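Student: I have a model open and would like to understand the labels people put on it. Could we go through some of them together?

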Amino acid sequence: MFMHDNSSRVKILKALADDARLEIVRILHATHREMACGEISDLMGIANSTISYHLRTLREAGLTTTRKDAQSRLITLREETFTKYMPGFLESLEMED
């Protein structure tokens with residue numbers, strides 16, 4: 001159990017140690033809804049392929065979930081992961097300028 005928790009924390013911290021991924025988390029938290037990959041890409045002005053890479057990293061760290069709906073991939077923030085491993089982190093994103 002101890003090693004598993006450390007492994008999860010390391011994945012989470014590595015995933016969040018990137019400006020683009022941190023911004024994706026901020027966007028998902030602020031909207032409080034599922035968002036399409038293309039919608040996130042448009043908001044950030046980043047190519048779909050680049051967003052897909054960042055979303056995969058976030059998903060593998062357990063920070064988001066992805067649901068396929070027809071041709072779209074819908075992304076949701078896994079707030080329970082933040083609550084367990086980084087309590088207060090999402091709220092701290094709201095306080096930044």
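Tutor: Gladly! Keep in mind that this is a predicted model. Let's start with the salt bridges: the structure holds five of them.

Student: What makes R26 and E23 a salt bridge?

Tutor: The cut-off is a side-chain nitrogen of Lys or Arg within 4 Å of a carboxyl oxygen of Asp or Glu. The closest N and O atoms of R26 and E23 are 3.1 Å apart, so the pair qualifies. Both residues lie in helix α2, three residues apart, about one turn of the helix.

Student: Why is R26 called partly exposed?

Tutor: Partly exposed is the range between under 20%, which is buried, and over 50%, which is exposed. R26 has a relative accessibility of 22%, so it counts as partly exposed. Its partner E23, at 32%, counts as partly exposed as well.

Student: How do you know that R56 and E60 form a salt bridge?

Tutor: Their closest N and O atoms are 3.9 Å apart, and the limit is 4 Å, so this pair also meets the criterion. R56 and E60 are four residues apart in helix α4, which means that about one helical turn separates them. In general, an α-helix has 3.6 residues a turn, so residues three or four places apart point the same way.

Student: Which label does each partner get, buried, partly exposed or exposed?

Tutor: R56 has a relative accessible area of 36%, so it is partly exposed. E60 reaches 52%, and because the cut-off for exposed is over 50%, E60 is exposed.

Student: And what makes E80 and R78 a salt bridge?

Tutor: Their closest N and O atoms are 3.0 Å apart, which is within 4 Å, so the label holds. E80 is partly exposed at 47%, and R78 is partly exposed at 28%.

Student: Back to α4. How do you know that its length agrees with that of a helix?

Tutor: Helix α4 covers residues 48-60, which is 13 residues. At 1.5 Å a residue it should span 18 Å, and its end C-alpha atoms are 18 Å apart, so the two values agree.

Student: Which residues of α4 are buried, and why are they said to line one face?

Tutor: The buried ones are I51, H54, L55, T57 and L58. Seen down the helix axis, the buried residues fall within an arc of 155°, so they line one face of α4. The face turned away from that buried side carries the exposed residues S49 and E60. Just after α4, G62 takes a positive phi of about 80°.

Student: What makes the phi of H32 worth pointing out?

Tutor: Most residues other than glycine have a negative phi. H32 has a positive phi of about 55° although it is not a glycine. H32 lies in the loop between α2 and β1, and at 55% relative accessibility it counts as exposed. A70 is another such residue, with a positive phi near 55°. A70 sits in the loop between β2 and β3, and its 64% makes it exposed.

Student: Why is I27 called buried?

Tutor: I27, in helix α2, has a relative accessibility of 12%; buried means under 20%, so the label fits. Leaving aside neighbours within four places in sequence, I27 is in contact with M35, L43 and M44. I27 and L77 are 50 residues apart in sequence and 9.6 Å apart in space, C-alpha to C-alpha.

How values were computed: Residues are numbered from 1 along each chain as its sequence is written. This is a predicted model: local features need pLDDT of at least 70, side-chain atom pairs count only at pLDDT 80 or more; totals for chains, interfaces and linings use all residues. Side-chain values use heavy atoms; hydrogens and water are left out. Helices (H or I, at least four residues) and strands (E, at least two) are DSSP runs, numbered from the N terminus. The expected span of a helix is 1.5 Å times one less than its number of residues. Buried means under 20% relative accessible area, exposed over 50%, partly exposed in between (1.4 Å probe, protein chains only). The arc is that of the directions from the helix axis to the C-beta atoms. Contact means heavy atoms within 4.5 Å.
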